[in-house]
Amino acid sequence: MAILNIRELGDPVLRTEAKKVEEITAKTAKLLDDMVETMYDAQGVGLAAPQIGISKQIIVIDIGQGVIELINPEIVESSDRTYIDQEGCLSIPEQSGDVERAYQVKVEALNRDGEEIELEGKGLLARVLQHEIDHLAGKLFIDY
Ligand code: NI
């Protein structure tokens, strides 16, 4: 495993739409392992592949309930109910701000075995899912 360099605001990769993963290989598994290690090293709760310079639709999350690894994640349902809370980003050090997000989302994705999975998150998990999936579209929390 390896700790990867986290790209910061100003790096064009953060503003690029990430490509879908067409084939899950041993390289994908290694990338997921490295992303998880990098996220823990940086004490983050989520990391998207563009943040380590790889423009692919891959995110990892751990809000203290174990690792979630999502490939090609897509939000398929969002609650009308929203809430505002402070948000930060490993790519935008020392900045935080209030962001309004859906309180609950449902996400469809692939796991590292290429199986289709569905995940529902509320509160913080829903927030982190939305934040990380935004990264895949080149969107950052400061845009809100
Ligand atoms: Ni971020």
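Reader: In which strand is Asn-72 found?
Author: The model is predicted, residues are numbered from 1 along each chain as its sequence is written, and side-chain values use heavy atoms, with hydrogens and water left out. Local features need pLDDT of at least 70, side-chain atom pairs count only at pLDDT 80 or more, and totals for chains, interfaces and linings use all residues. Helices (H or I, at least four residues) and strands (E, at least two) are DSSP runs numbered from the N terminus. Asn-72, which has a positive phi of about 50° although it is not a glycine, is found in strand S3.

Reader: Is Asn-72 buried or exposed?
Author: With a 1.4 Å probe and protein chains only, buried means under 20% relative accessible area, exposed over 50%, and partly exposed in between. Asn-72 has a relative accessibility of 11%, and therefore counts as buried.

Reader: What is the relative accessible area of Glu-94?
Author: Glu-94, in strand S5 (residues 92-102), also is not a glycine and has a positive phi, of about 60°. Glu-94 is exposed, its relative accessible area being 86%.

Reader: Which residues are the protein donors of the nickel ion?
Author: Donors are N, O and S atoms within 2.8 Å of the metal (3.2 Å for Na, K and Ca); water is not among the atoms, so sites may look incomplete. Along the chain, the donors of the nickel ion follow the spacing C-x41-H-x3-H. At 2.1 to 2.3 Å from the ion lie Cys-89 (SG), His-131 (NE2) and His-135 (NE2).

Reader: Which element gives the most residues to the largest nonpolar core?
Author: A nonpolar core is a set of buried Ala, Val, Leu, Ile, Met, Phe, Trp, Tyr and Cys residues joined through side-chain atoms within 4.5 Å. The largest has 17 residues, and Leu-129 is among those touching the most other members. Strands S2 (58-61), S3 (68-78) and S6 (104-110) and helix H2 (123-136) give two or more residues each. With six residues, the element giving the most is H2.

Reader: Which strands stand at the edges of the sheet?
Author: Strands pair if DSSP finds at least two bridges between them. The open sheet of five strands has antiparallel pairing and the order S1-S2-S3-S6-S7. Two strands have a single partner each, so one side of each lacks a neighbour in the sheet: S1 (46-48) and S7 (116-122).
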